[in-house]
Amino acid sequence: MLNDKGTISIAEPIAQLKRQFDQFRSAQPHRAKISEALWQAAVELARQHGLYAVAHPLCLDYVGLKRRLAGGTEVCEKKKASSPGFVEMIAAHPGAAAECVIEFESKSGGKMRIQWKGWGAPDWGSLLRAWREAER
């Protein structure tokens, strides 16, 4: 909503909460965690006035406010990459010809595919070490 000066005005409850946020931020170290009480007040105002109308003037993360509005109060943490697990390899019947395909993918997205036929298996340790060195 534009005021008589041609600038965007915000609702008084949002302006009051903005003053509280400004006071909180001026008393805390840079990037300090916002108190739960301030988050709750922002969520309540977002229910009444809309997400953008609250997130923008309060300098809040829009997605974070949206998540809290939807009921998720926990802070979103990046998922930690799972560590490699044990993979059981079952041998084929003794009379059958062995054929195998194994694919690896690194955290950076690099991929390695190994395909072989016959009974002799590659030296896994050497292959993985060489691949990791090439990824660096």
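Q: In this predicted model, which residue forms a salt bridge with Arg47?
A: Let's begin in helix 2, which spans residues 36-49. The partner sits three residues from Arg47 in that helix, so the two are separated by about one helical turn. Their closest N and O atoms are 2.6 Å apart, and the residue that pairs with Arg47 is Glu44.

Q: Is Glu44 buried, partly exposed or exposed?
A: Partly exposed residues fall between the 20% and 50% limits of relative accessible area. The relative accessibility of Glu44 is 38%, so Glu44 counts as partly exposed.

Q: Which helix holds Arg68, the residue that forms a salt bridge with Glu36?
A: The closest N and O atoms of Glu36 and Arg68 are 2.9 Å apart. Glu36 belongs to helix 2, and the pair ties together parts that are 32 residues apart in sequence. Arg68 itself lies within residues 62-69, which is helix 4.

Q: Is Arg68 buried or exposed?
A: Its partner Glu36 has a relative accessible area of 39% and is partly exposed. For Arg68 the relative accessibility is 9%, and the cut-off for burial is under 20%. Arg68 therefore counts as buried.

Q: What N to O distance goes with the salt bridge of Arg19 and Glu12?
A: Here both partners are partly exposed: Arg19 has 48% relative accessibility, and Glu12 has a relative accessible area of 44%. Their side chains meet in a salt bridge, with an N to O distance of 3.0 Å.

Q: Which residues form a nonpolar patch on the surface with Tyr62?
A: Tyr62 is found in helix 4 and is partly exposed, with a relative accessible area of 38%. The patch has about 320 Å² of accessible area together. Besides Tyr62, its members are Tyr52 and Val63.

Q: Which residue in the turn between strand 1 and strand 2 has a positive phi?
A: Strand 1 (residues 99-105) and strand 2 run antiparallel and are joined by seven bridges. They form a hairpin with five residues between them. In that turn, a phi of about 100 degrees belongs to Gly109.

Q: Which side chains of strand 2 are buried?
A: In a regular strand the side chains alternate between the two faces of the sheet. Strand 2 covers residues 111-117, and Lys111, Arg113, Gln115 and Lys117 point to a face where they are not buried. One of these, Gln115, is the bridge partner of Val101. Pointing to the other face, the buried side chains are Met112, Ile114 and Trp116.

Terms used: Residues are numbered from 1 along each chain as its sequence is written. This is a predicted model: local features need pLDDT of at least 70, side-chain atom pairs count only at pLDDT 80 or more; totals for chains, interfaces and linings use all residues. Side-chain values use heavy atoms; hydrogens and water are left out. Buried means under 20% relative accessible area, exposed over 50%, partly exposed in between (1.4 Å probe, protein chains only). Helices (H or I, at least four residues) and strands (E, at least two) are DSSP runs, numbered from the N terminus. Two strands pair if DSSP finds at least two bridges between them. A salt bridge is a side-chain nitrogen of Lys or Arg within 4 Å of a carboxyl oxygen of Asp or Glu. Patches are made of residues with over 30% relative accessible area and no salt bridge: like charges are joined within 9 Å, nonpolar side chains (Val, Leu, Ile, Met, Phe, Trp, Tyr) within 5 Å. Accessible areas come from the Shrake-Rupley method with a 1.4 Å probe; for residues, only the protein chains shown count as cover.
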